[in-house]
Structure formats: C-alpha cells, structure tokens
Amino acid sequence: MGPVSGRKVMERSRTSSVQGGIALAVGVLLLGAHPGWAADCSVTSIGFVPINDLGPALYLGQYQGGLYPGGSNSPPPAHFAEGRARALAIRPLDALGNPDPSGRIVLMSVGYSNATQEWCNGPPVNCQSWTFKGRADADSRVNHVTLDIVNGAKGGEPAPNWDEPTDANYDRILNQVLTPQGLTEAQVQIIWLKLTTSGPTISLPNSNAEAFQLVGLLADIVRTFRIRYPNIRMVFVSSRIYAGYAGYPVPMSGAHPEPYAYESGFSVKWLVQAQINQMATGAIDPLAGDLDSDTVAPFLAWGPYFWADGESPRSDGLQYFCSDIQPDGLHPAQGAQSKVGQMLHEFMLTSRFATPWFRRCELGDMNRDGLFNGRDVQLFVETFLDPAAAPASRRCPADCSDDGTINAPDLDTFISIMLGG
C-alpha cells in the first residue's frame with residue numbers, strides 16, 4: 001500500500017499561532033474563492049484513468065486500480081456478506097438508542113464545502129432539488145417513514161478538523177443539526193464521508209504524499225465516529241470530483257487541486273482495503289491502524305466514486321465540463337452538484353448495503369426477510385400473475401422496475417436480482 005509510518009501519520013499542533021493563522025486562511029479559502037482566482041477551462045483532461053476503469057492496471061506503475069482489492073469494483077464475498085448483515089440490522093432507534101418501531105434511522109453526511117454542496121446546498125429542510133437530499137426528499141421510493149437524512153458537512157472543515165471526538169464539528173452537529181430536528185447522536189447509524197486535507201504539496205509516489213497521510217486521517221475519523229455515534233453501523237466513503245480546472249498556484253490556494261483530487265481515491269481504496277484485510281487475516285494495517293468493525297470502527301465501504309478525467313468520458317459516460325464547476329475552478333456548481341447528487345441517490349437506491357433501510361421496500365425481497373430465495377420466487381410469481389389480488393406489501397417489492405406497475409420488465413429485473421443474490 002505505502003510506507004509504514006504508524007497509526008498517526010500527521011502530527012498536528014493546534015495551539016501554534018502560525019498554524020492557527022494558516023488554518024484560518026484555509027478556512028476562508030474553502031468557504032469562498034478569492035476574487036482574483038478563476039478556473040482554467042483549458043485543462044479539460046489530465047490524462048489519468050479513473051480508478052474504477054483502471055482495474056488491475058497500475059497508476060504510476062505501482063498502485064493497482066479498482067475500488068476494491070484485486071482491481072475489482074465489487075467487494076470481496078466476505079466483506080459483502082458482512083455489509084449486508086450490517087444493513088439488515090439497521091432498525092429505528094429511540095432517542096437513547098434502543099430499538100423502537102416508531103424511532104428514527106439517521107443517515108448523515110460528514111465533510112467539507114464540496115460535500116455539503118453536493119448533499120444539500122441549502123438549509124436543512126429545503127435542499128436544492130438537484131442535490132442528493134433534494135432528490136431523496138422528492139422520491140416516493142425512499143423510506144420517508146423512519147429515515148432522516150441530515151447534513152453534517154460544512155464548508156471550511158477539512159479532514160484534520162474531524163479526527164478527534166472533541167473537535168468542534170461534533171458539538172456543532174449535535175447542537176445545530178441533530179437536536180433542532182429532534183434527533184440524537186444515538187440514532188446516527190449511517191454516515192457518508194467525503195473529506196480531504198487542504199493545500200497538499202506532495203503527490204505520489206513520495207513516501208510523504210498526501211494520499212498516504214489522508215489514509216491515517218480518515219481512519220482516525222471513522223474511529224471517532226464510533227465514539228460520538230455509538231450505534232453507527234456503516235460508513236460509505238467517497239473521494240473528490242475532478243479538480244483540473246482549479247488553475248491557481250499551490251500551496252497559495254490552500255485548496256485541493258490535481259493530482260491530489262485523483263489520488264484521494266487511492267486513500268479511500270486503501271482505507272477500505274485495510275479493514276477488508278484485517279477482517280480476513282486479523283493483521284492491523286500500519287498506516288490505517290486498528291479498524292476492527294466490532295470494537296473500534298464501523299463497517300467501511302465505498303460510496304459512489306465521482307472522479308472523471310474532465311471532459312474525457314469514463315466508461316459510464318461521466319464527464320465534468322468547466323461549466324459544471326464554480327468560477328474558482330474547485331467547488332461544484334449546479335452541474336457537478338447534480339451529477340454527484342444523482343450518483344449518490346442511485347447508489348442508495350441500488351446498493352445492497354443501503355436498500356434495506358433507504359428504500360420504502362427492497363426490490364425482490366417479497367417477504368421482507370432480507371433473503372433472496374425460493375420463497376421470494378413463489379411469492380413474486382403469484383403477485384406477477386394477479387397483481388390486483390396481492391397485498392400492497394407484496395406489490396411494492398414486485399415492482400422491480402420502479403414504474404408503478406407489475407409487468408414484463410419487472411420479471412427481467414427480478415431474475416437479475418435473484419441471480420445477484
């Protein structure tokens with residue numbers, strides 16, 4: 001993965017007046033662009049292959065692609081089984097964290113400016129329609145009965161501001177986000193995490209590269225989650241969008257341009273891989289530290305992978321044009337916010353780690369037992385042949401194409417779900 005440098009790979013002093021001044025400057029820069037900065041719209045590509053398209057090939061001849069080990073974009077079977085079990089165990093909780101059918105399930109974002117803009121880009125109860133929460137709030141397929149989607153991300157708050165339980169962000173979330181909505185830390189069970197450092201200057205393959213440092217920071221952050229949110233079960237981690245249009249100098253910007261945006265994807269890959277390896281072998285990764293999902297950390301998995309090489313479309317067609325980005329060249333404008341929001345929304349609707357609690361009903365699971373087996377086939381056939389006679393509890397998971405009717409396309413999708421197990 002990278003050099004051995006111990007669990008804490010970044011030693012920070014928050015009392016130094018020099019560092020305090022730098023931190024303040026960085027915060028200002030992340031909250032809004034300097035009026036003299038402007039996007040460089042000529043950098044329509046930097047020539048890198050998105051990690052999800054890289055597969056078993058190597059970046060810089062050293063770092064294997066794929067979101068998961070072995071160049072794959074799918075989790076290994078054991079990790080999938082564990083994530084599926086964690087998803088099925090998510091239940092509404094009361095304010096003290098006890099199971100309660102009338103309780104709440106909290107899905108929360110944690111991140112900096114880009115994350116809050118992509119998640120909501122507005123006040124908590126009135127997110128922009130093109131963002132993730134805006135889309136989810138308007139979608140009848142989403143569980144609006146027990147699920148609360150809240151925005152804990154905030155501009156000007158990079159990764160070092162989240163890695164300790166005493167960091168101000170956690171009290172801010174409690175006092176300004178959760179409590180006003182009648183929620184508690186004990187009800188937070190799922191987090192979407194998207195963070196980087198600020199003003200990186202060292203890229204791969206240097207042993208002090210920001211990509212290695214970020215692994216340690218993210219690991220500290222997910223361990224902190226376990227302390228602040230005792231009932232957390234899983235964390236979905238995503239990396240940055242394309243930042244090639246950020247055409248101002250480094251490190252004066254205090255921002256996170258290329259190649260660091262691209263390389264942050266490897267940080268996420270290595271973080272998740274460290275937990276996978278520990279679960280399989282018991283060996284603790286020297287860079288990430290202990291990520292035991294039963295004691296010190298939640299279950300970790302990739303969220304959507306958002307990076308594409310500017311205007312060069314990746315295999316699924318994703319592109320970023322200069323018009324998708326704000327005039328500073330770094331933050332997402334409506335175009336990029338919409339693309340990320342849609343990808344995150346589709347991920348939650350389709351990931352087997354999310355469908356049991358995010359959706360109103362899980363497609364194909366006809367008896368809602370979390371399994372996909374012969375009993376589901378029997379019930380689907382009965383419902384398919386006579387939808388009007390079937391109870392509503394069966395019509396919902398049988399509408400596999402999400403078009404409001406039970407017809408031939410549902411049969412094809414149901415078969416795919418069964419084969420995917």
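## A salt bridge to start with

Let's begin with a charged pair: Asp-148 and Arg-104 form a salt bridge, and their closest N and O atoms are 2.5 Å apart. Asp-148 sits in strand β4 (residues 147–151), while Arg-104 belongs to the loop between α3 and β3, so this pair ties together parts that are 44 residues apart in sequence. Asp-148 counts as buried because its relative accessibility is 18%, whereas Arg-104, at 22%, counts as partly exposed. Keep in mind that this is a predicted model.

## More charged pairs

A search through the whole structure turns up 16 salt bridges. Side chains of opposite charge can pair when their charged atoms come close. One of these pairs is Asp-402 with Arg-141, at 3.4 Å from N to O. Asp-402 is in the loop between α12 (392–398) and α13 (408–420), and Arg-141 is in the loop between α5 (132–137) and β4, so parts that are 261 residues apart in sequence get tied together. Both ends are partly exposed: Asp-402 has 27% relative accessibility and Arg-141 has 24%. This pair also has company, as Asp-139, Arg-141, Arg-359 and Asp-402 are linked in a network of salt bridges.

Then there's Arg-228, which forms a salt bridge with Glu-185, with 2.8 Å between the closest N and O atoms. Here helix α7 supplies Arg-228, and the loop between α6 (168–178) and β5 (188–194) supplies Glu-185; the two are 43 residues apart and link distant parts of the chain. Arg-228 and Glu-185 are both buried.

## The nonpolar cores

Now for the inside. The largest nonpolar core has 99 residues, and the ones touching the most other members are Leu-193, Phe-225, Phe-236, Trp-357 and Phe-358. Which helix gives the most to this core? That's α7 (residues 210–228), with 10 residues.

Phe-236 is a handy one to click on. Setting aside residues up to four places away in sequence, Phe-236 touches a list of residues that includes Trp-192, Leu-193, Trp-302, Phe-347, Phe-353 and Trp-357. There's also a second, separate core of 11 residues, with Met-366, Ala-398, Phe-414 and Met-418 among them.

## Helix α8

Helix α8 covers residues 260–281, and at 1.5 Å a residue its 22 residues should span 32 Å; the end C-alpha atoms are 31 Å apart, which agrees. Is this helix largely enclosed or open? Of its 22 residues, 18 are buried, so α8 is largely enclosed by the rest of the structure. Just after α8 comes Gly-282, with a positive phi of about 85 degrees.

Gln-278 is one residue of α8, and at 9% relative accessibility it counts as buried. Beyond residues up to four places away in sequence, Gln-278 touches Ala-283, Ile-284, Gly-289, Asp-290, Leu-291 and Asp-292.

## Two buried spots and a surface patch

Leu-93 is in the loop between α3 (77–89) and β3 (105–111), and its 6% relative accessibility makes it buried. Its C-alpha atom is 9.8 Å from that of Thr-184, although the two residues are 91 apart along the chain. Apart from neighbours within four places in sequence, the contacts of Leu-93 include Arg-104, Ala-186 and Asn-231. Asn-52, in helix α2 (residues 51–54), is buried too, at 15% relative accessible area.

On the outside, Val-377, Val-381 and Leu-385 make a nonpolar surface patch of about 260 Å². Val-381 lies in helix α11 (residues 374–385) and is partly exposed, with a relative accessible area of 40%.

Methods: Residues are numbered from 1 along each chain as its sequence is written. This is a predicted model: local features need pLDDT of at least 70, side-chain atom pairs count only at pLDDT 80 or more; totals for chains, interfaces and linings use all residues. Side-chain values use heavy atoms; hydrogens and water are left out. Patches are made of residues with over 30% relative accessible area and no salt bridge: like charges are joined within 9 Å, nonpolar side chains (Val, Leu, Ile, Met, Phe, Trp, Tyr) within 5 Å. Accessible areas come from the Shrake-Rupley method with a 1.4 Å probe; for residues, only the protein chains shown count as cover. A salt bridge is a side-chain nitrogen of Lys or Arg within 4 Å of a carboxyl oxygen of Asp or Glu. Helices (H or I, at least four residues) and strands (E, at least two) are DSSP runs, numbered from the N terminus. Buried means under 20% relative accessible area, exposed over 50%, partly exposed in between (1.4 Å probe, protein chains only). Contact means heavy atoms within 4.5 Å. A nonpolar core is a set of buried Ala, Val, Leu, Ile, Met, Phe, Trp, Tyr and Cys residues joined through side-chain atoms within 4.5 Å. The expected span of a helix is 1.5 Å times one less than its number of residues.
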